[in-house]
Amino acid sequence: MNKSDTTPPAAPEATVSFDHSESDAAGEATPATMKNRKRKIATLVALLVILALLFAWYLVNRKPLSELPGLSEARLPHYELSIYGTTKPLGVAANATGDRIYVTESDGERVVRVYDRAGKQTGTLKPPSSTGKNHLPMYVAINPTTQEVYVSDRSTSAIYIYEAKGTYLRTFAPKGDLGGEWAPLGLAFGPDGALYVTDVRGTTSKNHRVVAFGPDGTLLSSMGAPGQLSFPNGIVVDSNNNIEVSDSNNGRMVIFSQLGKMLSTISRGIGEGDLGLPRGAAVDDAGRLFVADTTDHMVRVYSIDKGKAMPTYIGSFGNEGQLDGTFEYPNGVATDKRAHVYVTDRENNRVQVWGY
Amino acid sequence: MQPPFRGAAHGVFLNMHEHNVHEHIERNGARVMRNGSRAVKKLLFLGIGSALVFTMGGVGPAQADNGPHMSSIQAAGTVGVVIANAGASKCASCHRAHTAQAEYLLKQAQPQLCYTCHQAGAGATTDVVNGQRAGTTQALRGGGFKTAAIGSGKATKDMGPADLVTGRIATLNQTIPALTLPAATTSRHQIDGTTAGTAWGNGANGSGLGKSITLECGSCHDPHGNGNYRILRPMPNDSQWVVKAAVPAVGTTPAVPAVMSPATNVVVPDATAYGYTTANYWLAGDTNVPTNVGATGGTALSGTAKATDPAGDGYIQNVASWCTTCHTRYLAGSGSYKTASGDATFMYRHRSNANYKAGAANCITCHVSHGSNAAMTVTPAGDNVGLLPGNTAAPAGDSHLLRVDNRGTCVMCHNV
């Protein structure tokens, strides 16, 4: 090396290769690139929209994603919590959001207790003293058109009506000839406010029936031939507009059409989905029917299929016991629009809340 | 807790269950969550024999009291009974063959199982807990277990002219009105299945105050239905008439129970129409019961013959016999008030086997069967009036199932 040569050697040229496929010589994106980017953006936007819709759906319905419309409803709920502070509860009803839960109790003070969704009691429903001193609230239902709360009373053979927060309004006064005495027990409303009542009148069961009233209390019809029903308890109007009745002492569910024709039954027995002593009943907006099977200490779940009178058995939840998630003579059952199921657990003196 | 099917009924139950045609209903395992794909349950073949034969005194094996307590057996000698129609699935409402949680294969213990219908009235018109017919203010004849509607403080009577020859003053028109608002009971047959009580007077002369027993609804009533009034068992469980055979050791044969004979059973004939309520608790009889059903047979261990008063209606005729299968030494005939029985405690006794309609006393003249709200507030300190000698168990205020406050029942008949 020549000592007099002080010029440092040239650094080797870095080799940089450019992908010219996404841009032309002027550096602009190629049509293919643009198309690809647009696709990615569209996908991202679609995902965001879906997420937003899901979030909006959740905000409105407050239900788990498993309850999305279109997904199978053939599932069973899980235990969530128990509400205490009631004595021998029988009937239960909940408003759409589940922040008012009405529970009838057949012992102790024999009032209707009102709870919030955390299980804290917020009030009671009691008829005025003018209606008598001896009361025995049995079943409770909420009119979907007025939000008024209806309570059947076994001691006075009456139905008392309260406003949602608990103020007594009036005693239900049927319009029409009931054919003598009546003994209202189970209550249900159709979406139009029509009231369906199970009637256990008489010293024998030969005259037990279901009576339907219009929104104004006008007697519309009577269902159940003489001797057909025996202590009908819970009653619901399902998504097919059929009337499903717990024919309790006959150990079955009877499904009537709106015209009072008996369409099918879920029978008593020991097979899958068979019943022992059904009492309360409820439907949810996913098309499920819940039936409290009192002597089997569990709740049976069925799906109501469009156009089919006979529900399809899904399964049962609960078992006999005192621990969380077990029952001692469950009686009433109710649902809200947030995928909750409420069950009165009579001998455990509590209301259990299950959910999806 | 005593089993519900003891005594003759137990023997009959065994007879039906093991010696005739059997019905076993099985479920697999414990159930926490079910789904439609659960293992299939196996149903063992069973037939139903007509093993329930009682001394009916002319009343056929008809079924009493309606509802779920009617068995499907229509009459003895019926052939070709279709099992599916004979109530096979009804058994599963109350029984489990292998996973029962209460004695005698009951799914659940009494009385909660019974209260599912017989309290609040969701499944029966007789609310025996509150003592009223469900849906009404009408009072049940037997009172109630938690409350009763006996107007025990409002009893009245009329007094007739004095008979100067006999010295007696007639009493007429006795009335114990019913209450529309029930009151808490002050005594009851304790049927919770866990609290031991005493069957006062149970046993032969000299056997003490009585046997300790634990009662349930099924001790007195047969939930399967029979031909008796109020489906009363012909022989109440835990009465003195039946000694339960001990479970035999392996390789040995069981001992035959001491007395299990239809001759000792008591027929309380069924009513022709069912009337569960009363407006006057002095009128204990049920006019719906047929008359003159004949002798019941059998003899109480105390030597007093069972009531056979032919002048009474069937219910009155035999109800004292029925009650005294447990309260043995309370069965007393005419003259018992002045003739010593030979028993140190139950020495002289008020007659209890008569037709009260003729002016003489019967068990149910003074007592109700389920529970009474009569007040017992007049008990001088240190005075054990109403308490048996040596008995310190009866709580203060115990009304002993009497119909009138403060032992006013006596004054309903007697003028003092």
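Visitor: Where do I start with this one? How many of the residues in chain A are buried?

Guide: Buried residues come to 43% of the 356 residues in chain A. Keep in mind that this is a predicted model.

Visitor: And which secondary structure elements does chain A have?

Guide: Chain A has one helix and 24 strands. As for contacts, take those with a separation of 6 or more: 46% of them join residues 24 or more positions apart.

Visitor: With that many strands, I'd like to know how to read a sheet. What holds the strands of a sheet together?

Guide: The general idea is that strands pair through backbone hydrogen bonds, in either a parallel or an antiparallel way. Here, one open sheet of chain A has four strands in the order 10-11-12-13, and the pairing is antiparallel.

Visitor: Which strands stand at the edges of that sheet, and why is one side of each left without a neighbour?

Guide: Those are strand 10 (184-189) and strand 13 (219-223) of chain A; each has a single partner strand, so one side of each has no neighbour in the sheet. From one strand to the next, the twist averages 20 degrees.

Visitor: Let's stay with strand 10 of chain A. Is it mostly covered or mostly open?

Guide: Mostly covered: six of the six residues in strand 10 of chain A are buried.

Visitor: How many bridges does strand 10 of chain A make with strand 11?

Guide: Four bridges, in the antiparallel sense, with strand 11 covering residues 195-199 of chain A. You can trace the register in the structure: Pro184(A) has Asp199(A) as its bridge partner, and Phe189(A) stands opposite Leu195(A).

Visitor: What happens in the hairpin of strand 10 and strand 11?

Guide: Five residues lie between the two strands of chain A there, and Gly193(A) takes a positive phi near 95 degrees.

Visitor: Now give me another sheet to practise on. What is the order of strands 14 to 17 in chain A?

Guide: They form an open sheet of four strands in the order 14-15-16-17, with antiparallel pairing. Strand 14 (232-237) and strand 17 (262-266) of chain A are the edge strands, each pairing on one side only. In this sheet, the twist averages 20 degrees from one strand to the next.

Visitor: Which residue stands opposite Val254(A)?

Guide: Look in strand 17 of chain A for Thr265(A). Strand 16 (residues 252-256) and strand 17 of chain A pair over four bridges, in the antiparallel sense.

Visitor: And how do I read the side chains along a strand?

Guide: As a general idea, in a regular strand they alternate between the two faces of the sheet.

Notes. Residues numbered from 1 in each chain as written. Chains lettered and ligands numbered in written order. Predicted model: local features only at pLDDT ≥ 70, side-chain atom pairs only at ≥ 80, totals over all residues. Buried ≥ 20, exposed ≤ 12 C-beta atoms within 10 Å, placed from the backbone. Contact = placed C-beta atoms within 7 Å. Pairing = 2+ DSSP bridges. Axes fitted to C-alpha atoms, helices over the stretch in contact; angles between N-to-C directions.
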